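Colleague: Got a minute to walk me through this one? I'd like to start with the strands.

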Amino acid sequence: MGWFHRRGWRDLIIGLPYLWLVLFFLVPFAIVIAMSVATKTPTAPPFSFGGAHPWVNLSTYQRLLTEPLYLRAFLISLTNAAATTLFCLGLGYPMALALTRVSRASRNILLMLVILPFWTSFLLRVYAWMGLMGKSSWFNQGLTSAWNWLVPADWAVTSLPLMHSNFAVVLVMVYTYLPFMILPLYASLERLDPILDEAALDLGSRPWQVFLDVTLPQSVPGIIAGGLLVFIPAAGELVIPTLVGDAATPMIGRVISDQFSQARDWPMASAVAVALLALMVGPTMLYSHYQARAEGTK
Amino acid sequence: MADFLQIQGVSKSFGPFQAVRDVTLSVAQGEIFSLLGGSGCGKTTLLRMLAGFEDPTAGRIFLDGRDMAGVPPWARPVHMMFQSYALFPHMTVEANISYGLKHDALTPAQRRDRVREMLDLVQLTPTATRKPHQISGGQRQRVALARALARQPKLLLLDEPLAALDKKLREHTQFELMSIQARTGVTFIVVTHDQEEAMTLSDRIAVMDRGQVQQVGSPTEIYEYPVNRFVASFIGAITSFDAEVVARDAGFLTLHVPDFGGQVTTREADFAPGTRVTLALRPEKLVISKDRPPGNAVQGVVKDLAYFGKDSLYRITLASGALVQAHAVNQARGAAMVADWDDQVWLSFQPSAAIVLGG
């Protein structure tokens, strides 16, 4: 047998993801943490570990916590990510529920339509939105007419200032991340036994009560999974705020990027990245907690 | 009383498929009534129409004098015990039982009392705070029963109530169901494919086939006096022979049975001489003997025998090649059996034991 050793193969297969994680996440992350406690220098690379004991410079973190720029960027990122998550949930839940209620044939077509946008480059889709939101586009003009019709005459505008606004950032993020909400929601809703709905109807509940009492509580793991899949990348989003956002309301991803490339303050960029990760650990642990609980009920 | 539940000419079609055809039944209050049939006979569709999950294509359903047409499931005083139990997995046993009660105008104390009463009825008080996945199959079945009974329905629908239980638990639960029905007085409609289950549980049975009711009657009537070949063969084992009526007189019918190579006498039935009929004989009504007895008798060879302990099943080939099943109770302990493989035996039966069916 020699090389074909069952246990050896098993260890290798289990070991691969760990190896991947160590090589491409833990090691780089350790470098980032190290960089965040280094000192900014005008050299290349632009940091050094200052000569004196304890070789650790915590002043970057001190600045991070005291300078309003960073706190504000964190706040904007978290609110934008939260808004994006809520809108995705509001739009995605009915879509995911509808997917479970249609015939199997149309279900496959609709599921494919949900992931179809991924066939096009992400950047291309953001540029398409930039075109749509531009002052002279049919989309902007249509919304402008609706706006002018709804509001008093003296509020009328020739076009809506959609581009380069926080609104545009949230809109494009909702568009981009919607499939990440729909798919886990669909996966959790699809597992529910439709007989349970009948049982609740039979016991006297109207359809909306059945939804609240039976469907919604059982889809909580799906809501949390979808919420995290949207919230975490949305909080660190760089491309969308850079392309459609407003420079006056920077998101944290943009701050990291600016610190790295423009200010060349690598320790600060690293410190912001570490802080962002620390913020995301909380929700992820919440998710694992629910996941474990959901598995316990099977 | 017999008008408590009335099903009048109810049909249900799904596209071109007719699941239920012109069913008319009436059920008395407090009765255990079974719908018995194989899969696809329409019994489940009929049950779902009673629950309000399906609307009849034609016909009407009256419950306690009220027309159920257009009444949605949540507004019917009818509750169902689902075959899979359909317990809410995210709720405790207690919460499952009290779920329907939130729609009733009860004070929290009254609701608690009702739940306690139900837990007591099905002997589940110790498991009140567990989740459905933490209790056994038999316990889940009782939670489903308690949940369906909690709102005191006028009608309780039970879809294959015992199918998911193992044999031993099934027998025990059967009697428990009957005792709970007697204590609560709720009318039970049981859907089952298991004829034994239907026989032991029910006051009356409706045997269904291909969407139609074939016969309605007490278990004894259905077993001893089936009205057609389907009912006769669906309920219990039976051997059927083609026959022709030779004479009808003085309470007796004389039949010519080609497989017997002669004539047999049965109790009088409404068939004129010359009519082609079916002679049906249940295994336990046949007597096996070595010597020719007087009366209806036919000779055959034991081809197969199965010893079950309390009784034995014989498969006997007649001279015509027809195969007959006969049961013999093993009365004497350790005694030699009536017959052995390849023995020549006589099969005989009383005129009253034979079933004569048209066609």
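Colleague: How do E16(B) and E17(B) pair?
Modeller: Antiparallel, over 7 bridges. E16(B) covers residues 296–307 and E17(B) covers 311–318. Strands (E, at least two residues) and helices (H or I, at least four) are DSSP runs, numbered from the N terminus. Two strands pair if DSSP finds at least two bridges between them.

Colleague: Is this predicted or not, and how are things numbered?
Modeller: It is a predicted model: local features need pLDDT of at least 70, side-chain atom pairs count only at pLDDT 80 or more, and totals for chains, interfaces and linings use all residues. Residues are numbered from 1 along each chain as its sequence is written, with chains lettered from A and ligands numbered from 1 in the order in which they are written.

Colleague: What stands opposite B:Tyr307?
Modeller: B:Ser312, in E17(B). B:Ser312 also stands opposite B:Ala328 in E18(B).

Colleague: What about the turn between E16(B) and E17(B)?
Modeller: The two strands form a hairpin with 3 residues between them. B:Gly309 in that turn has a positive phi of about 100°.

Colleague: And E17(B) with E18(B)?
Modeller: Antiparallel, over 7 bridges; E18(B) is residues 323–329. This hairpin has 4 residues between its strands, and B:Gly321 in the turn has a positive phi of about 100°.

Colleague: Switching topic. How many residues of chain A are in contact with chain B?
Modeller: 16, against 18 residues of chain B. Contact means C-beta atoms, placed from the backbone, within 7 Å.

Colleague: Which element of chain A gives the most?
Modeller: H8(A), with 6 residues. Helices H8 (194–202) and H9 (207–218) of chain A are the elements giving two or more.

Methods: Two residues are in contact if their C-beta atoms, placed from the backbone, lie within 7 Å.
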